Amino acid sequence: MLYWISLIIAGLCEIIGVFVMKKFVLSNDKKFLALLVAVFACSFLFLSYSMREIPMSVSYAIWTGIGAGGGVLVGILFFKESKSLLKIIFLILIILSSIGLKAIE
């Protein structure tokens, strides 16, 4: 169970990293760059820990799914990106694919 929690934390770090990356791009403030490196380092740390027990193919796919899906939500909620029907459909497909990979593990 701890490995799955670690994987979820790694995915959440990816989402935070995407948010910080966008703030860095918009402001070009170096403090965001340092935070970005730290958050992505934490993400890789938790991902590598989760891969001790969870197969790489499953953990990597779920990690990227959390990051990609979270990135879409961050864009919509915080940066006024479009929320088209197709974007929502593909977001749902990412989530369903991650669930499917866990189901066949």
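The following conversation between a trainee and a mentor goes through a predicted model of one protein chain and asks what stands behind each label.

Trainee: Which elements make up the chain, and how many helices and strands does the chain have?

Mentor: The chain has 4 helices and 0 strands, and from the N terminus on its elements run α-α-α-α. The C-alpha atoms fill a box of roughly 40 × 35 × 15 Å, taken along the principal axes.

Trainee: How do you know that the span of helix α1 agrees with what a helix of 26 residues should have?

Mentor: Helix α1 covers residues 2-27, and at 1.5 Å a residue its 26 residues should span 38 Å. The C-alpha atoms at its two ends are 37 Å apart, and therefore the span agrees with the expected one. Just after α1, N28 takes a positive phi of about 60°.

Trainee: Which residues of α1 are buried, and what covers them?

Mentor: The buried residues of α1 are S6, L7, A10, G11, C13, E14, I15, G17, V20 and F24, and what covers them includes α2, residues 30-50, and α3, residues 56-78. It helps to recall that an α-helix has 3.6 residues a turn, so residues three or four places apart point the same way.

Trainee: Why is S6 called buried?

Mentor: The relative accessibility of S6 is 3%, and buried means under 20%, so S6 counts as buried. Leaving aside its neighbours within four places in sequence, S6 is in contact with F46, Y49 and S50.

Trainee: What makes S43, in helix α2, buried or exposed?

Mentor: S43 has a relative accessible area of 0%, and because the cut-off for buried is under 20%, S43 is buried. Not counting residues up to four places away in sequence, S43 touches A10, C13, E14 and W63.

Trainee: What should I call F44, which is also found in helix α2?

Mentor: F44 has a relative accessible area of 48%, which lies between the 20% below which a residue is buried and the 50% above which a residue is exposed, so F44 is called partly exposed. The C-alpha atoms of F44 and C13 are separated by 8.9 Å, although these residues are 31 apart along the chain.

Trainee: How do you know that C13 and C42 are not joined by a disulfide?

Mentor: A disulfide is a covalent bond between the sulfur atoms of two cysteines. The cut-off for the pair of sulfur atoms is within 2.5 Å, whereas the sulfur of C42 is 5.3 Å from its closest cysteine sulfur, that of C13, and so the two are too far apart for a bond. The count for the structure comes to 0 disulfides. As for their surroundings, C13 is buried, because its relative accessible area is 12%, while C42 counts as partly exposed at 35% relative accessibility.

Trainee: What makes the pair D29 and K31 a salt bridge?

Mentor: The side chains of D29 and K31 meet at 3.8 Å, N to O, and the cut-off is within 4 Å, so this pair meets the definition. K31 counts as exposed, because its relative accessibility of 56% is over 50%, whereas D29 is partly exposed with a relative accessible area of 30%.

Trainee: How many salt bridges does the structure hold?

Mentor: The structure holds 2 salt bridges, and one of them joins the side chains of E81 and K87 at 4.0 Å, N to O. E81 is partly exposed, with a relative accessible area of 36%, and K87 counts as partly exposed at 25% relative accessibility.

Trainee: Which residues form a nonpolar patch on the surface?

Mentor: The patch is formed by L85, L86, I88, I89, F90, I92, L93, I95, L96 and I99, with about 950 Å² of accessible area together. I89 is found in helix α4, residues 85-103. I89 has a relative accessible area of 37%, and because a patch residue needs over 30%, I89 passes that cut-off.

Trainee: What share of the chain is buried, and which atoms supply the exposed area?

Mentor: Buried residues make up 31% of the 105 residues in the chain. The chain exposes about 6700 Å², and carbon and sulfur atoms supply 75% of that area.

Conventions: Residues numbered from 1 in each chain as written. Predicted model: local features only at pLDDT ≥ 70, side-chain atom pairs only at ≥ 80, totals over all residues. Heavy atoms only, no water. Expected span 1.5 Å × (residues − 1). Buried < 20%, exposed > 50% of the residue type's maximum accessible area, 1.4 Å probe, protein only. Contact = heavy atoms within 4.5 Å. Patch = residues over 30% accessible without salt bridge, like charges linked within 9 Å, V, L, I, M, F, W, Y side chains within 5 Å. Areas by Shrake-Rupley, 256 points an atom, 1.4 Å probe, with all protein chains shown as cover.
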